[in-house]
Amino acid sequence: MTLVVILGFSIRIPQIDILEQTARNLFLHVPMWFTMMVAFAMAFYFSIRYLNDEQMKWDRKAETATAVGLVFGICGLLTGSLWARFTWGTWWTFAEPRMNLSALAMLIFVAYFILRTAFSDEEKRAKISAVYNIFGVTTIPFLLYIIPRQLPSLHPGAEGNPAFSEITAPELRIIFYPAVIGFIGIAIWLMDIVNRYKKVKELTESRI
Amino acid sequence: MSNIFTQDDSPVSVDTLTESYSESWEGVQGIEQSSAFIQFMASDDLIWVVLGVSLIIWFILLFFIIRVDKKVSRLEKAVEESGKQESSGSDKEIQDNQSAS
């Protein structure tokens, strides 16, 4: 995993030197969403694992994965908003389904953390938030893939057109895929750090 | 280079909203009348937008890392204090640890 992160850093840095125009935001804005998807998929997996054998470690991991996913999702929203200002001419528009539905998805996961603070009993909190998380992650493909593809949209990929496969230049792909892998590596690395922190914290608390 | 420009054009080619919403999409055209910040960002082939996007990602990730760092140092302090408390064993320090953690 360290190898993945090192790979991610060493490959991503030279790309930034050759950035010339906003088409190159593809390397930054799009991997944010890919990373968010991966993080939420991991949260989904950990939540199911928690409901399976009820060890607190799965709840910890699910919470961390959701937090990291939310951070990347917010990055994606803000970068998308800035990009939209200079290509579509507005910071935010309610005529763009993908933009609004991804904001809605973010709110679902903000609600996850609000839900977590509502319980003082740890096992109850873990169980209910795991169930909520499974429902929340299930909405993501609908909000971000299926509905935006049915509606007219300014994003590529509207009205059933292929979002990526035909209209992306091959030069961009050479950099795009390592960027995706790099950002996912960073996300997994962050999750690992936070998980280790939570584990150590739990150990010290039980010792005191 | 021409391939890169097709990427720029692609949102326009699928843009079915331009006709009905063209009044609300005038930000790029009316850039001369907008503020100095917007004008600056739109100069040099929009490279500053890319810079802005990468800075947003960088600062949000940095904020996240700093937050984790603060939590770790708080935990470190608690661990150190609990080590002291094992040697001295006073009740007050135990209470302090519990409120810190």
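This passage describes the fold, the confidence and a few selected residues of a two-chain model.

The structure is a predicted model, and its two chains are best introduced through their secondary structure. Chain A contains six helices and zero strands, arranged along the sequence as α-α-α-α-α-α. Chain B likewise has zero strands, with five helices in the order α-α-α-α-α. Burial was computed for each chain. In chain A, 42% of the 208 residues count as buried, whereas in chain B buried residues make up 9% of the 101 residues. The contacts within chain A were also examined by their separation in sequence. Among those with a separation of 6 or more, 76% join residues that are 24 or more positions apart.

Confidence in chain A varies with the element considered, which is handy to keep in mind when viewing the model. The mean pLDDT of chain A is 78, and 74% of the residues score at least 70. Helix α4(A) has the highest confidence, at 87, while helix α1 (residues 2–17) of chain A has the lowest, at a mean of 54. Over residues 16–20 of chain A the pLDDT falls below 50, and this stretch makes six contacts in the model beyond near neighbours in sequence.

Helix α3 of chain A offers a good place to look at geometry and burial together. Spanning residues 56–87, helix α3 of chain A has 32 residues. From the first C-alpha to the last, this helix reaches 46 Å, close to the 46 Å expected at 1.5 Å a residue. Of its 32 residues, 26 are buried, so α3(A) is largely enclosed by the rest of the structure.

Just ahead of this helix in the sequence comes a residue worth a closer look. E54(A) sits in the loop between α2 (26–53) and α3 of chain A. Its phi is positive, at about 50 degrees, although E54(A) is not a glycine. E54(A) counts as partly exposed because it has 13 C-beta neighbours inside 10 Å, and a residue needs 12 or fewer to be called exposed.

A residue of helix α4 completes the picture. L104(A) lies in helix α4 of chain A, which covers residues 97–117. Because L104(A) has 12 C-beta neighbours inside 10 Å, this leucine counts as exposed. Measuring from C-alpha to C-alpha in the model, L104(A) and D192(A) are 27 Å apart in space, with their positions 88 residues apart in sequence.

Definitions and conventions: Residues are numbered from 1 along each chain as its sequence is written. Chains are lettered from A and ligands numbered from 1 in the order in which they are written. This is a predicted model: local features need pLDDT of at least 70, side-chain atom pairs count only at pLDDT 80 or more; totals for chains, interfaces and linings use all residues. Helices (H or I, at least four residues) and strands (E, at least two) are DSSP runs, numbered from the N terminus. A residue is buried if 20 or more other C-beta atoms lie within 10 Å of its own, exposed if 12 or fewer, and partly exposed in between; C-beta atoms are placed from the backbone. The expected span of a helix is 1.5 Å times one less than its number of residues. Two residues are in contact if their C-beta atoms, placed from the backbone, lie within 7 Å. pLDDT is the predictor's confidence in each residue, from 0 to 100.
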